[in-house]
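Thanks for coming, everyone. Please have a look at the structure on the screen, and I will then take you through a few places in the backbone and one pair of helices.

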Amino acid sequence: MTSMIRMVLAVLLFAAATATAVTSTNPEILTTYDKSLSTTANISLATKSVPDLSGRDESDADGSILGLELPAVYESDGATIISRCTVPDTVALTYDDGPFMYTDTLLDILEEKGVKATFFILGDSNSRLSDYKEMVQRAHREGHQIASHTWSHKDLSMMDSQQIREEMTELDHAIENLLGVKPVYMRPPFGGLSTTAKKTLASMGYNIVLWNHDTNDWRHPSDVNENLIPIRQAVSSGDTQGHIILMHDVIEKTVTELTLQAIELVRSKGFRMVTVGECLGKPKSAWYRE
Ligand SMILES: [Zn+2]
């Protein structure tokens, strides 16, 4: 290795370790990103206050918040990690933490507008999958993508491999009972990842989905205009890059107001709203496994 390359790597590693804005496609450095993102997530959770959503919130594990521009798809510790869409001019609306009492209304809205979305569902957290199983079956039947958000929304970066396996397989079995298939795509709660989590998830055949725009609906559950800002930024940049948008169908206004305004805004800019699988160019057969 030449001294020039060593110097460049040292600078990049320092930048990543201090979580400053840096653009790199070097997969060796991305492990550091994950750790720093996860740390930010824990700080964020400890200091924020959204009483009626306690335990449900997503973190700041979002490259865009930290000023990081992650590659759309990258390998880290053997895992495939997705941060945005690879198909140009697409937007994937993603809804975490359901199913919940608003999910049926959301499906009505998506059906009326002809939009397909992706649901990262839980098994047993503040609500129970068994109470809303018809909603999940309906979403699947109507062409939305069902993906895993773990059984009970714990931070995988704090768990050992066996605990992670249990979180994943318990929900897999529940989804298989409802749909006859198991999801290939998962999103870690709070975006929390560790080397152990990535290796374990990869060994279980999961693709890990993050996001590149967080509506912050968990932080501002009543401020739809605030929630729309990241979406507006995403589709107004003038390039054709596809985007994965983070939202939560456990928040009433996200369902009843933000979704409709987001659809109108995204369409006005010429983007297509598709599932995560489709925005990666994957056929439906690749979204699930037997
Ligand atoms: Zn979540």
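Asp-97 counts as buried, with 26 C-beta neighbours inside 10 Å, where buried means 20 or more other C-beta atoms within 10 Å, exposed means 12 or fewer, and partly exposed lies in between, with C-beta atoms placed from the backbone. This is a predicted model, in which local features need pLDDT of at least 70 and side-chain atom pairs count only at pLDDT 80 or more, while totals for chains, interfaces and linings use all residues. Residues are numbered from 1 along each chain as its sequence is written.

Asp-97 sits in the loop between β3 and α3, and its phi is near 80 degrees, a positive value in a residue other than glycine. Helices and strands here are DSSP runs, numbered from the N terminus, with H or I over at least four residues for a helix and E over at least two for a strand. The loop between β3 (90–96) and α3 (103–113) is also the place of Pro-99, which is joined to Gly-98 by a cis peptide bond with omega of about 0 degrees. Most residues other than glycine have a negative phi, and most peptide bonds are trans.

Asp-77, in the loop between β1 (73–76) and β2 (79–82), likewise has a positive phi, near 50 degrees, but Asp-77 is partly exposed, with 19 other C-beta atoms within 10 Å.

Turning to the helices, α7 (residues 224–235) packs with α8 (residues 252–268) at an angle of about 30 degrees, their axes being 10 Å apart, where axes are lines fitted to C-alpha atoms, for helices over the stretch in contact, and angles run from 0 to 180 degrees between N-to-C directions.
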